[in-house]
Amino acid sequence: MTTMRQSIFWNRVTRVLLYLAIAGLFILVVFPFYWMIVTSLQPQDAVFNVPPQFWPRHATFQNYIDAWNSAPWLRYFGNTLFVAVAATLISLVTSSLAAFAFACIDFRGKEVLFNLVLSVMMIPAATTLIPNFLIIRTLGWYDKFYALIIPFAASVFGIFLLRQYFMSMPKELWEAAQIDGASRLRYFRSIALPLAKPAIVTIAINSFLGSWTSFLWPTVMTQSQNKQLIEVALNAFLGEKGQQWSQLAAASVFTTIPIVILFFFVQRQFIEGIGGGGIKG
Amino acid sequence: MDNKLTPARRKQVIRDNVAGWLFTLPSTLVLFVFTFLPAFIVVGLSLFDTNLVGQSIFVGPGNFRQMLTSGDFWGSVLRTLYFTVGSVPIAVAVSLLIAVLLNAKVRGRTFWRMGFFIPYITPLVATSIIWLYIFNPDYGMLNATLRFVGLPVSRWLTDTASAMPAMILYSTWHDIGFAVIIFMAALSKVPTELLEAAQIDGASGWRTFWHVTWPMISPSTYFVVIIYTISAFKMFTQVAVLTQGGPVDSTTTTGYYLYQQAFGQMHFGYASAVSIGLFAIIFLLTMLQRKVTGRKVFYG
């Protein structure tokens with residue numbers, strides 16, 4: 001009896017320690033976000049307090065107003081949204097078409113072409129940055145939105161993922177569609193694509209996030225202020241505002257919030273996409 | 001050989017070929033222009049001394065010779081290795097710890113998991129800004145906390161000795177969520193019968209972990225190590241925002257050095273050689289890791 005009671009006791013202690021460990025790590029990881037919000041609400045002179053205030057004593061939204069008015073943020077949001085949506089939509093179209101061909105159509109050179117496409121993953125983007133700068137300038141796309149969209153209009157990851165989806169569809173579906181007189185394109189649009197929806201969502205999120213958080217590429221490929229993407233603009237804002245931490249924090253908050261909101265809606269899909277793809281390694 | 005085909009069948013084959021090539025054309029065109037072609041151009045550029053605007057001088061292997069004898073280049077490689085050796089083991093250990101804790105049938109798992117994952121999806125620039133404030137040696141939160149618990153403080157990003165550890169701390173914080181997800185997925189696939197069998201045999205939790213769980217998840221560990229090492233060599237944004245490579249080059253990793261040489265100094269030929277060097281290093285590391293870890297990896 002005593003041993004059983006003891007083991008129940010120790011079980012409880014372990015559970016409590018487990019939750020304490022998780023909560024402790026959680027607080028450490030989430031704290032910078034809390035600190036970002038607190039700082040954004042502090043009056044500017046309070047950010048230099050030693051020791052810092054854990055809770056803003058005189059919370060104010062003034063920093064948001066000041067930060068918003070110091071730069072054409074609406075323009076930057078518009079640019080980023082436009083580039084991200086365009087790159088995402090185009091890459092979805094191109095990769096689903098290619099994946100469909102690789103999975104469902106017999107054509108000459110298919111295997112060779114597919115292996116070539118896969119081998120692209122071996123070439124890191126850091127290696128191709130300089131020649132791409134040259135190519136973009138030669139095409140006359142320097143400082144144009146084309147430079148931010150078209151190079152991302154294809155996705156090897158997307159082709160690979162969608163091809164697997166299309167290949168797993170039963171052949172009878174296509175045969176039945178043919179008997180009903182459906183063309184290939186119609187089968188692709190009304191049967192194959194809707195069935196691949198989970199893969200499409202995963203690819204769309206990846207592509208959108210990639211464009212929204214991109215920094216090095218737009219830094220190199222654009223120059224004028226009215227072409228800036230949000231992260232590049234935020235870095236320029238840092239250069240301008242130096243140590244005005246409350247305004248910098250406010251700008252960090254409002255440029256990050258769209259991403260966080262998007263993430264809340266798609267988190268299950270996104271996380272499962274990573275977990276599922278990763279273990280193959 | 002097409003003789004045996006009926007006219008209808010032959011028409012179908014032609015159609016298939018046309019459709020196949022048409023459907024794959026947009027993707028392959030983009031990949032060709034922006035990945036394949038550049039891979040060849042970069043080799044060409046590396047043989048010239050060029051700023052892409054004025055005249056270019058053919059120097060043959062001169063840029064590679066310069067790179068291999070340059071203290072700055074090797075310094076950047078050493079700093080990248082420092083960053084990798086400092087950050088990858090910590091990232092693996094902490095993310096595995098978090099994944100193991102969350103795997104122990106805790107309540108609100110989705111909530112916790114989301115918290116650990118969120119830094120990974122937030123932009124590097126925005127989060128670097130708040131860490132810049134946290135790292136501030138005079139009024140930052142990190143030193144205030146260290147002072148509060150009686151630990152020694154540091155100059156963090158403003159000192160050559162502590163700038164890289166600070167960079168490691170920030171990057172680990174930002175990237176850890178990815179590894180947590182990978183490890184959670186791997187742990188959930190370890191067969192419970194195996195764990196139960198080990199327990200029945202009287203193995204302690206610690207022994208069960210090392211002798212059953214750890215070998216079973218080794219493909220994921222290998223995957224995480226490779227991905228994090230490669231991303232260390234490409235690291236750019238946080239260096240650009242937090243330190244611009246300083247103080248005194250102490251955080252100039254190879255990825256940042258490459259950018260500086262190309263777009264700061266306009267040495268595009270030399271920077272192309274560095275690009276190829278970077279590619280070679282990433283390639284070698286992948287091979288080396290495969291060889292070193294290969295024997296211990298369990299492919300279930």
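This report describes a predicted model of a complex that includes chains A and B.

Residues are numbered from 1 along each chain as its sequence is written, while chains are lettered from A and ligands numbered from 1 in the order in which they are written. In this predicted model, local features need pLDDT of at least 70 and side-chain atom pairs count only at pLDDT 80 or more, whereas totals for chains, interfaces and linings use all residues.

**Confidence**

The predictor assigns the complex an ipTM of 0.88 and a pTM of 0.89. The mean pLDDT (the predictor's confidence in each residue, from 0 to 100) of chain B is 89, and 95% of its residues score at least 70. Over residues 295–300 of chain B the pLDDT is below 50, and beyond near neighbours in sequence this stretch has nine contacts in the model; two residues are in contact if their C-beta atoms, placed from the backbone, lie within 7 Å.

**Chain B**

Chain B contains 13 helices and two strands; these are DSSP runs, numbered from the N terminus, with helices (H or I) of at least four residues and strands (E) of at least two. Its C-alpha trace spans about 80 × 60 × 35 Å along the principal axes. The radius of gyration of chain B is 25 Å, where a compact globule of 300 residues would have one near 19 Å; the radius is taken over C-alpha atoms, and the globule rule is 2.2 Å times the number of residues to the power 0.38.

**Contact between the chains**

The contact takes 76 residues from chain B and 75 residues from chain A. On the chain B side, helix H1 (residues 7–45) gives the most, with 21 residues. That side of chain B divides into 59 nonpolar, 14 polar and three charged residues; Ala, Val, Leu, Ile, Met, Phe, Trp, Tyr, Cys and Pro count as nonpolar, Asp, Glu, Lys and Arg as charged, and the others, Gly among them, as polar.

**Chain A**

An unreviewed UniProt entry lists several spans of chain A as "transmembrane region", including residues 81–105 and 187–209. UniProt positions are given in the numbering used here, feature names are shortened, and annotations may be inferred rather than shown by experiment. The two spans are described below.

| Span of chain A | Helix | Strand | Distance between end C-alpha atoms |
|---|---|---|---|
| Residues 81–105 | 96% | 0% | 35 Å |
| Residues 187–209 | 96% | 0% | 30 Å |

The domain assignment of chain A gives domain 1 (2–60) and domain 2 (72–278), with bounds from an automatic or database assignment. Eight residues of domain 1 of chain A are in contact with seven residues of domain 2 of chain A.
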